[in-house]
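Grab your viewer and work through these exercises one at a time. Try each task before you read its solution.

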Amino acid sequence: MDTNGKRLKKIVSILVKHEITKGLTPEKLRLIIEDLGPTFIKIGQIMSMRRDIFPNDYCIELEKLRSQVTPMPFDEFIRIIEEEYQCPVDDVFSNINQDPLGSASIAQVHAADLSDGAKVVIKVQRPGIYKVMAQDVVLLNRATGILNIASGIGDVVDFKMIVDEMWSTAQQEMDFLFEAKNAQLFNELNAEIKYIGCPKIYNQYTTSKVLVMEDIVGIAIDETRTLQDAGYDLEEIGVKLAENYVKQIIDDGFFHADPHPGNIFIRNGQIVWIDLGMMGRLSKREMGLLRRSVKAVATRDVESLEGAILSLGVHKGRRINHSLLYEAIDRMLDVYGTEELSNINMGRFLEEILRIAAENHIGMPRGISMLSRGMITIEGVIAKISPDANFVRIMANHMAGQQITNFDLNNFMESNRQKILTSGEKAISVPGQVSDFLSLTNKGQLKVNLEILGSDEPLAEIDQMVNKIVICIILAALLMSSSFIATTNMTPQFMGIPALGALGYFTAIILSLALMISIHRKKRKR
């Protein structure tokens with residue numbers, strides 16, 4: 001493996017090769033990332049999911065990042081298995097196909113037969129990939145600080161957050177025991193749904209670097225003609241696929257984060273989900289807030305949707321301008337609120353919420369951004385195989401049915417009893433408070449605390465203007481006083497003028513540069 005210095009030199013040479021100094025286009029960024037290797041491909045894949053942060057055309061281009069890379073030699077593939085098992089592969093497998101089914105940046109997959117004749121696929125992690133990615137992450141973490149300062153957009157795009165998210169995702173994908181646990185949990189959550197399945201994992205042959213699972217021989221869900229020839233009803237498949245994905249989101253909070261057609265097969269009347277390495281998770285609280293958001297759109301309730309966004313997100317940095325946030329949500333609901341609920345694209349709607357949150361310096365949980373991309377993908381899959389199946393209508397019906405099923409009058413009364421008592425106590429005290437208010441008014445002792453919404457930014461602008469004026473006055477004073485000193489013979493001297501005058505000129509230059517950089521950054525932000 002290269003040292004940090006050699007790796008850095010290699011990265012710089014790739015950037016020079018693609019003439020990074022002549023500007024960056026979406027396609028050029030994708031080509032650079034592909035040349036930089038697996039760490040950067042993983043970052044690019046994560047960036048493609050974050051349309052709330054990065055421009056849409058860049059995200060679309062990054063979705064094309066190739067998943068296939070040059071295969072590793074078959075001998076190397078066998079060596080890793082034997083190293084993990086501490087025995088010859090013949091002791092476990094009767095046959096392993098030498099031609100890989102797939103070769104990605106992190107792992108390679110081959111078809112095989114177990115000794116008992118069971119058809120399986122073996123997924124093996126590329127040698128040294130963990131160390132290479134860990135080294136790149138160290139370099140990237142050092143670079144993120146410089147990028148945040150140099151670019152001046154650190155408060156909009158948190159590069160460290162992107163690197164941390166990538167590394168967390170990559171570490172999970174590189175530990176195949178994690179994928180095995182995902183498959184087990186997915187099976188448990190969907191055990192009662194006969195038409196849903198996922199590959200069986202052979203835990204006795206699975207390690208952190210080798211995953212052995214059932215070979216799924218089925219029809220890819222986008223092969224519509226083949227499915228119809230096999231007697232399948234595409235409309236039924238579309239509806240069942242949508243119902244299951246809604247269940248994963250609303251009921252389980254554990255959903256497939258990459259539901260593209262290559263990860264969904266139809267086999268013996270079952271919809272089989274494969275590649276469970278990247279799964280999204282939502283807490284019960286997040287699921288509740290998500291349901292509240294959908295309901296707020298249906299009823300065009302701006303306050304409720306604002307409350308849901310504030311509850312979901314984490315606020316960092318600047319104070320939230322609630323009037324601007326309210327206006328942004330109101331404008332969004334002007335668009336979505338006039339449409340029938342069934343016509344709303346939920347993935348795009350979530351993207352819009354993420355965009356509004358980012359503009360107002362509210363960070364959203366990782367699960368929500370993964371859900372946004374997942375819903376856009378699954379809606380595209382359903383639209384292709386079954387155009388009449390409406391994902392949003394199915395989601396609305398599922399939520400309505402859930403509300404009726406879960407409603408319990410006793411529980412409702414129990415949970416709201418305290419609220420009713422509190423409201424009653426407050427209502428009793430209202431006449432007394434009104435009397436105090438009138439009394440204070442008559443005595444001229446009434447005080448009013450007033451906060452003008454939306455005044456923060458104009459006040460901040462004025463504050464910055466005053467600071468710049470003060471700097472200009474100091475600059476003028478420094479230049480004038482240094483010029484007077486320069487006309488004297490004061491010692492010591494520097495380059496023929498008194499050192500004190502030279503120090504004044506130097507300080508004035510530094511202040512001028514700082515002022516110009518500040519003005520330039522302000523223009524870029526606008």
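**Exercise 1.** Is Y245 buried or exposed, and what is its relative accessible area? Keep in mind that you're looking at a predicted model.

*Solution.* Start with the cut-off: buried means under 20% relative accessible area. Y245 comes out at 0%, so it is buried.

**Exercise 2.** Work out which class of aromatic pair Y245 and W273 form, and where the two partners sit.

*Solution.*
- Step one, the geometry: the ring centres of Y245 and W273 lie 6.0 Å apart, with 25° between the planes.
- Step two, the class: planes under 30 degrees apart count as stacked, and this pair is therefore stacked.
- Step three, the location: Y245 belongs to helix α10 and W273 to strand β10 (residues 270–273), so the pair ties together parts 28 residues apart in sequence.
- Step four, the accessibility of the partner: W273 is also buried, at 0% relative accessible area.

**Exercise 3.** Now take F74 and F77, and describe their pairing.

*Solution.* The centre-to-centre distance is 6.3 Å and the planes are 15° apart, a stacked pair. Next, place them: F74 and F77 are 3 residues apart in helix α5 (residues 74–85), so about one helical turn separates them. Both are buried. For the wider tally, the model has 5 aromatic pairs, and ring pairs also link Y85, F93 and Y205 into a cluster.

**Exercise 4.** Which residues does M375 contact, leaving aside neighbours within four places in sequence?

*Solution.* First, list the contacts: Y245, I249, M346, G347, L350, F391 and M395. Then bring in the largest nonpolar core, which has 103 residues. The members touching the most others there are L241, I249, W273, L305, M375 and F391. Finally, don't miss the second, separate core: it has 20 residues, among them F77, F93, A112 and V210.

**Exercise 5.** Characterise the salt bridge between R30 and E61.

*Solution.*
- Distance: their side chains meet at 2.6 Å, N to O.
- Placement: R30 is in helix α2 and E61 in helix α4 (residues 56–62), so the bridge ties together parts 31 residues apart in sequence.
- Accessibility: R30 and E61 are both buried.

**Exercise 6.** How exposed are the two partners of the D35–K17 salt bridge?

*Solution.* The bridge itself spans 3.0 Å, N to O. It links distant parts of the chain, with D35 in helix α2 (residues 26–36) and K17 in helix α1 (residues 4–17), 18 residues apart. As for accessibility, D35 is partly exposed at 33% relative accessible area, while K17 is exposed at 58%.

**Exercise 7.** Follow K240 through its salt bridge and its ring partner.

*Solution.*
- Step one: the side chains of K240 and E236 form a salt bridge at 2.7 Å, N to O.
- Step two: both residues lie in helix α10 (residues 234–252), 4 residues apart, which is about one turn of the helix.
- Step three: E236 is partly exposed at 39% relative accessibility, and K240 is partly exposed with a relative accessible area of 25%.
- Step four: salt bridges that share partners join R30, E34 and E61 into one network, and the structure holds 12 salt bridges.
- Step five: back at K240, its charged end sits over the ring of Y195, 4.9 Å from the ring centre.

Definitions and conventions:
Residues numbered from 1 in each chain as written. Predicted model: local features only at pLDDT ≥ 70, side-chain atom pairs only at ≥ 80, totals over all residues. Heavy atoms only, no water. Salt bridge = Lys/Arg side-chain N within 4 Å of Asp/Glu carboxyl O. Helix = DSSP H or I, 4+ residues; strand = E, 2+ residues; numbered from the N terminus. Buried < 20%, exposed > 50% of the residue type's maximum accessible area, 1.4 Å probe, protein only. Core = buried A, V, L, I, M, F, W, Y, C linked by side-chain atoms within 4.5 Å. Contact = heavy atoms within 4.5 Å. Phe/Tyr/Trp six-rings, centres within 6.5 Å; stacked < 30°, edge-to-face > 60°. Lys NZ or Arg CZ within 6 Å of the ring centre and 35° of its normal.
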